[in-house]
Amino acid sequence: MTYDASSAFAAAQDAADPLARFRAEFHVPLGPDGRPVAYFCGNSLGLLPRGARAAVEAEFVAWETKGVEGHFRGERPWTTYQDELAAPAARVVGAHAAEVVIMNTLTVNLHLLLVSFYQPTATRYKVLMEGGAFPSDQYALESQARLHGLDPAEAIVEMLPRPGEHTLRTEDIEAKIAELGASLATVIFGGLNYYTGQVYDMAAITRAGHAVGATVGFDLAHAAGNVPLSLHEWGVDYACWCTYKYLNSGPGGTSGVFIHERFHKRPDLLRLAGWWGHDPAARFEMKKGFRPTPGAAGWQLSCGQVLPMAVHRASLDVLEAAGGLLPLRAKSEQLTGYLEFLIRQLGRPTSELEIITPADPTQRGCQLSLLVHQRGRALFEHLAAAGIVGDWREPNVIRLAPVPLYNSFEDVRRAGAALAGFYDS
Ligand SMILES: Cc1ncc(COP(=O)(O)O)c(C=O)c1O
């Protein structure tokens, strides 16, 4: 696509966009001038789907009119509510429905998965992570190492980019995995790094990890709903994600878990158990002796959190109506490419403003991370005043994520114009 910075270009793209109508499915907040903002913060919190209120209200009505019977009666009985979400959520991450369960929140799920997939021994005890992983993942892994009586500094290996580079090379990750060899217990990477926006080659990392006998998992907080995934086909062992970013399911929303089917017939695999993971046919017999439900559902602990799941259901409905990740991805590449074009047109030297997200579309999702070496906070505040909502990550990165479900080419054009306005002033 040949981009240009004019309003006419953006309007023509929006008019030709088959997904443009999905913007109306979301509430877009108003900015300082009373106009809808150009919202580029779906990498932090996605917008509210219009259908969410009705989905939650339906469960309030069920509760109001049925009380405890809502667990068993009505259109969507609460005992099986999570089961309905497995298939659409599995389509988001490229999995079979039985490999996915919706439950809890992300860091909680990461811990639950590590109980099963990080079982260090005297010789195989190391964890490989991307350097500068999201802090919650760092803290989770440090505490997991301590749980096993290990020194985190000894057990956790962090991969950093080569000097002078901002992102990791797949060949370096593969080489590090090979070097750690039989000492490596698990690899846990973000599928897409929250800071740089780099998408890792999850298939290659999984192959490399398996070649040395390690398990391989991904935190997909920034990947799920952003880039197409094929967890089953790639052979990934375990993964988890939140649903409040690109899956628009609200602050503190529920989380997803993937466990490859090769582990489904392994009731011996250590896990923390709770009654909701027990064989549903016998769950209410209240008997001793945990017998896990086959599949990822066997990792559930507590009865389902129906209200957050109702928001997630409404949001997944919009995603499905839009045709899923493939059409969204095609638009996403264009929107992000347009933003990149407008930023490059500013002509700023990299000593002042640098895009640290890979230029190769296959190595990024919708987010661009701008490393602002000079006047970073001033630029961020200028954008906010112009109704451009991005976010600031210390020490000096502005993240902007055009989301294909609700952002328009006009939003991106506005961001480009606001950036140009800053540097022209
Ligand atoms: C990559 C990543 N991991 C973990 C978390 C923490 O998620 P939660 O607070 O839902 O556990 C976040 C939150 O933004 C994240 O971006």
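Colleague: How far does a polar side-chain atom of Y244 lie from an oxygen atom of the ligand?

Modeller: The model is predicted, and the distance is computed from its atoms. Y244 is one of the residues around the ligand. Its polar side-chain atom and a ligand oxygen atom are separated by 2.7 Å.

Colleague: Which residue has a polar side-chain atom 2.8 Å from an oxygen atom of the ligand?

Modeller: The residues around the ligand include D219, A221, H222, Y244 and K245. The one with a polar side-chain atom 2.8 Å from a ligand oxygen is K245.

Colleague: Which residue has a polar side-chain atom 3.0 Å from a nitrogen atom of the ligand?

Modeller: The residues around the ligand also include F134, S136 and D137. The contact at 3.0 Å to a ligand nitrogen comes from D137.

Colleague: How much of the accessible area that the ligand has on its own does the protein cover?

Modeller: On its own, the ligand has 400 Å² of accessible area. The part of this covered by the protein is 80%.

Colleague: Which elements give two or more residues to the shell around the ligand?

Modeller: Among the residues around the ligand are L106 and T107, and also S136 and D137. The elements that contribute two or more residues to this shell are helix 4 (106–117) and helix 5 (135–147).

Colleague: How many charged residues does the shell around the ligand have?

Modeller: Sorted by class, the shell has 4 nonpolar and 3 polar residues. The number of charged residues is 3.

Colleague: How far apart in sequence are the parts that the pair of D17 and K331 ties together?

Modeller: D17 and K331 form a salt bridge, with their closest N and O atoms 2.6 Å apart. D17 sits in the loop between helix 1 (7–16) and strand 1 (26–27), whereas K331 belongs to helix 11 (residues 325–345), so the parts tied together are separated in sequence by 314 residues.

Colleague: Is K331 buried or exposed?

Modeller: Its salt-bridge partner D17 has a relative accessible area of 10% and is buried. For K331 the relative accessibility is 5%. Because the limit for this class is under 20%, K331 counts as buried.

Colleague: Which residue forms a salt bridge with E352?

Modeller: E352 is buried, at 7% relative accessible area. The partner is partly exposed, at 30% relative accessibility. The closest N and O atoms of the pair are 3.0 Å apart, and the partner is R348.

Colleague: By about how many helical turns are R413 and E410 separated?

Modeller: The side chains of R413 and E410 meet in a salt bridge with an N to O distance of 2.8 Å. R413 is buried at 16% relative accessible area, while E410 is partly exposed at 25%. Both residues are in helix 13 (residues 409–424), 3 residues apart, so the separation is about one helical turn.

Colleague: How many salt bridges does the count come to?

Modeller: The pair of D17 and K331 is one of them, and the pair of R413 and E410 is another. The count comes to 24.

Colleague: How many aromatic pairs does the structure hold, and how is the pair of Y338 and F409 arranged?

Modeller: The structure holds 19 aromatic pairs. Y338 and F409 have ring centres 6.1 Å apart and planes at 40 degrees, an arrangement that counts as tilted.

Colleague: Which helices hold Y338 and F409?

Modeller: Y338 is buried at 0% relative accessibility, and F409 is buried at 1%. Their pair ties together parts that are 71 residues apart in sequence, because Y338 lies in helix 11 and F409 in helix 13.

Colleague: Which residues form one aromatic cluster with Y338 and F409?

Modeller: Y338 and F409 are themselves an aromatic pair. The other members of their cluster are Y3, F9 and F341.

Colleague: Which residue does a cis peptide bond join to E394?

Modeller: The omega angle of this bond is about 0 degrees. The partner's place is in the loop between strand 14 (391–393) and strand 15 (397–400). The residue joined to E394 is P395.

Colleague: Is M286 buried or exposed?

Modeller: M286 has a positive phi of about 55 degrees although it is not a glycine. M286 lies in the loop between strand 10 and helix 10 (306–321). With a relative accessible area of 59%, M286 is exposed.

Technical notes: Residues are numbered from 1 along each chain as its sequence is written. This is a predicted model: local features need pLDDT of at least 70, side-chain atom pairs count only at pLDDT 80 or more; totals for chains, interfaces and linings use all residues. Side-chain values use heavy atoms; hydrogens and water are left out. A salt bridge is a side-chain nitrogen of Lys or Arg within 4 Å of a carboxyl oxygen of Asp or Glu. Helices (H or I, at least four residues) and strands (E, at least two) are DSSP runs, numbered from the N terminus. Buried means under 20% relative accessible area, exposed over 50%, partly exposed in between (1.4 Å probe, protein chains only). A residue is near a molecule or strand if one of its heavy atoms lies within 4 Å of it. A polar contact is a pair of N or O atoms within 3.5 Å; within protein, one must be able to donate a hydrogen and the other to accept it, and residues adjacent in sequence count only if both atoms are side-chain atoms. Accessible areas come from the Shrake-Rupley method with a 1.4 Å probe; for residues, only the protein chains shown count as cover. Ala, Val, Leu, Ile, Met, Phe, Trp, Tyr, Cys and Pro count as nonpolar, Asp, Glu, Lys and Arg as charged, and the others, Gly among them, as polar. Rings of Phe, Tyr and Trp (its six-membered ring) pair if their centres lie within 6.5 Å; planes under 30 degrees apart count as stacked, over 60 as edge-to-face and the rest as tilted.
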